[in-house]
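This briefing introduces a structure to a reader who has not met it before. Please keep the sequence and the model in view while reading the points that follow.

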Amino acid sequence: TPGEAVPAAQRGSWSSFLKSIASFSGDLSSLTAPPFILSPTSLTEFPAYWCERPDLFSAIADAKDPQARALAILRWFISTLKDQYTSRNELMGSEKKPLNPALGELFYAHWPDRNGRGQINLLVEQVSHHPPVTAYVIENKVKGVQLVGHNAQKTSFSSGSIIVKQIGHAVLTVGKEEYVITLPKLRIDGLWYGSPYVELTDTTYIIGGGFISTIEYKGKGYFTGKSHTFKATVAPLPGMGGSSQEHVVEGLWHEKSKFTKGPFQGDVFHDVETTSKENATVIGGEVDGSQGAFETRKLWNLVAKGIREGDYELASREKSRIENEQRQRRKDEAAAGTKWELKHFKHEDSDPLYERLGRLAKITPSEEDFYGFLVNWPEALTKPAGNDK
Ligand code: CLR
């Protein structure tokens, strides 16, 4: 039945929310949604999903040759999908509407060194509010592995589902080698019942180091197929991989996948159960005052508390306060003829690496902008504390 998972008192507001989505495309974040679908977490925390299997991120550095490295990168990439796209369902029962970050919002965290894998740092900054754009860097300095990227979303509505096109890309650097990573398209299903979940569609690429991985996503079809299915092909780039063979990997990105073609045919490629998930350790306390006013946990502290405890009056009062403050800041800037300065990133109109590698795979769009990291880590992340070796 429609609205099955929606608390009875919120069915009306859920159906008007769905109607407003249907007649709307662009920035979903501005639409008012009923309380049951609100998440207490801001989008600035989402880049942590790239590294919640930190052993696999670090293991990229240990690959012996370019082909092994391409496979290690693909394994890490596939391992992040479960956390990126199904973890809200597991934790909160369905996909939820994240908090819409304020311009300049920050998130600092790390994964401690364990068994010599090296400490991994995470830094996130909300670099645009209209439209929302989030930039991030994840770095294992000891191992020489770094991921820098940004992302935004374009949403539309099609036959009962929200279609989310991700804008942006990530650049993974391993030693001196650079790889471009593109982002999947999302379909949010289950809206009718009030229990949304994400399915991935289309194709993404990981290009670099002489190889290209092409990852195709498929969901549950009308007659056949399983949710969260993918097929990935790892092949040498034209004229670059010598005689190396092509690998094909197939399976479910939230569970298990196998090599189905190539030298390792039949072997397990990745099994989510065998790699442990580790949440990032957030820097500083949100309540004790050591976090700055723009750090996400501190900024949204009371909104999150309201949402978690069902005190929606507190949540909406605090949310309005933050939004009004933001509006006032923008007005003051306009009046003073100044502009908000980014703290950790520099906006570039183009990314020559994306264009060069993208051309090899004929990816679209053929050009994208970029947010380059200014390499100004906060002190709390450069002098590691409390590492358990
Ligand atoms: C953000 C970047 C991450 C991957 C990711 C996962 C889930 C996506 C999120 C991104 C963007 C915002 C998103 C969310 C799922 C639902 C939410 C599209 C792409 C929208 C705004 C909420 C819609 C409201 C429904 C739940 C009703 O790396």
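Two residues are in contact when heavy atoms of theirs lie within 4.5 Å. The model is predicted. The points below concern one lysine, one helix and a set of aromatic rings.

**Surroundings of K97**

- K97 belongs to strand β2, which covers residues 97-99.
- With a relative accessible area of 18%, K97 falls under the 20% cut-off and therefore counts as buried.
- Beyond its neighbours within four places in sequence, K97 is in contact with F17, L28, S29, L31, A33, I37, L38 and S39.
- Two of these residues also offer backbone oxygens to the lysine side chain: the oxygen of S29 lies 3.0 Å from a polar atom of the K97 side chain, and that of L31 lies 3.2 Å from such an atom.
- V164 is 67 residues from K97 in sequence, and the C-alpha atoms of the two are 13 Å apart in space.

**Helix α6**

- Helix α6 runs over residues 312-336, a total of 25 residues.
- At 1.5 Å a residue, α6 should span 36 Å, and this agrees with its end C-alpha atoms, which are 36 Å apart.
- The buried residues of α6 are L314, A315, E318, I322, Q326 and E333.
- These buried residues pack against α4 (296-299) and α5 (301-309).
- Just after α6 comes G337, which takes a positive phi of about 70 degrees.

**Aromatic pairs**

- A pair of aromatic rings is described by the distance of the centres and the angle of the planes.
- The structure holds 13 aromatic pairs.
- In one of them, the ring centres of W50 and F77 are 6.1 Å apart and the planes meet at 40 degrees, so this pair is tilted.
- W50 and F77 link distant parts of the chain, 27 residues apart: W50 sits in the loop between β1 (38-42) and α2 (54-59), and F77 sits in helix α3 (residues 66-92).
- Both members of the tilted pair are buried, W50 with a relative accessible area of 6% and F77 at 1% relative accessibility.
- Another pair, F259 and F269, is edge-to-face, with 5.3 Å from centre to centre and 90 degrees between the planes.
- F259 in strand β15 (residues 256-261) and F269 in strand β16 (residues 268-271) are 10 residues apart, and their pair links distant parts of the chain.
- F259 and F269 are both buried.
- One aromatic cluster is formed by W50, F57, W76, F77 and Y136.

Note on methods. Residues numbered from 1 in each chain as written. Predicted model: local features only at pLDDT ≥ 70, side-chain atom pairs only at ≥ 80, totals over all residues. Heavy atoms only, no water. Helix = DSSP H or I, 4+ residues; strand = E, 2+ residues; numbered from the N terminus. Buried < 20%, exposed > 50% of the residue type's maximum accessible area, 1.4 Å probe, protein only. Polar contact = N/O pair within 3.5 Å; in protein donor to acceptor, adjacent residues only side chain to side chain. Expected span 1.5 Å × (residues − 1). Phe/Tyr/Trp six-rings, centres within 6.5 Å; stacked < 30°, edge-to-face > 60°.
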